[in-house]
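Please look at the sequence and the structure together, and follow the chain from its beginning to its end before reading on. The report below goes from the overall plan to single residues.

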Amino acid sequence: MGNVIHAEPTDLIAVIRLRRGVVGECKRVSHLVPLPADGPIPDRLLAVCGEVILPAQAEVLDGIAGMPCEACLARQARRACRALR
Ligand SMILES: [Zn+2]
């Protein structure tokens with residue numbers, strides 16, 4: 001799939017942004033959201049930065065686009081570093 005990043009073999013990360021009109025344009029940043037490797041998409045998604053996102057209010061992006069969430073990028077980088085140790 002083009003819309004997920006494979007961080008670890010069992011850890012799918014989607015890039016998700018709130019839809020236009022849900023929040024102001026300046027808050028429509030691209031969050032990194034871990035998804036379960038199998039099973040249904042949960043009712044509430046938890047971004048790497050801690051933001052709770054309702055799937056009905058969100059759109060899945062084809063990779064990092066628009067304005068990335070800096071907190072998600074920083075935390076994901078730390079997760080990746082820990083995974084390499
Ligand atoms: Zn975020």
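The chain of this predicted model contains one helix and seven strands, and, when it is read along the sequence, these elements follow the pattern β-β-β-β-β-β-β-α. Of the 85 residues in the chain, 15% are buried. If one takes the contacts between residues at least 6 apart in sequence, 51% of them join residues that are at least 24 apart.

How far the model can be trusted is a question to settle early. The mean pLDDT of the chain is 87, and 88% of its residues reach 70 or more. Among the elements of the chain, strand β1, which covers residues 4-8, has the lowest mean pLDDT, at 57, while strand β5, which covers residues 52-53, has the highest, at 96. Where pLDDT is low, the predicted coordinates should not be read in detail.

Two strand pairings that involve β3 can be set side by side.

| Strand pair | Direction | Bridges |
|---|---|---|
| β2 and β3 | antiparallel | five bridges |
| β3 and β7 | parallel | two bridges |

Within these pairings, individual partners can be named: I13 stands opposite P34 in β3, and S30 has P68, in β7, as its bridge partner. Strand β7 itself consists of residues 67-68.

Which residues make up the largest nonpolar core? This core has nine residues, namely I13, V15, I16, L32, V33, A47, V48, C69 and C72. Two elements give two or more residues to the core, β2 (residues 11-18) and β3 (residues 29-35), and β2 gives the most, with three residues. One member of the core, A47, can be followed in detail: when residues up to four places away in sequence are not counted, A47 touches H31, L32, V33, I53, C69 and C72.

The helix offers a last example, A71, which is found in helix α1, residues 70-84. Is A71 buried, partly exposed or exposed? A residue needs 20 or more C-beta neighbours within 10 Å to be buried and is exposed with 12 or fewer; A71 has 16 such neighbours inside 10 Å, and therefore counts as partly exposed. In sequence A71 and V48 are 23 residues apart, and in space their C-alpha atoms are 7.8 Å apart. V48 is itself one of the residues of the largest nonpolar core.

How values were computed. Residues are numbered from 1 along each chain as its sequence is written. This is a predicted model: local features need pLDDT of at least 70, side-chain atom pairs count only at pLDDT 80 or more; totals for chains, interfaces and linings use all residues. Helices (H or I, at least four residues) and strands (E, at least two) are DSSP runs, numbered from the N terminus. Two residues are in contact if their C-beta atoms, placed from the backbone, lie within 7 Å. A nonpolar core is a set of buried Ala, Val, Leu, Ile, Met, Phe, Trp, Tyr and Cys residues joined through C-beta atoms within 7 Å. pLDDT is the predictor's confidence in each residue, from 0 to 100. Two strands pair if DSSP finds at least two bridges between them.
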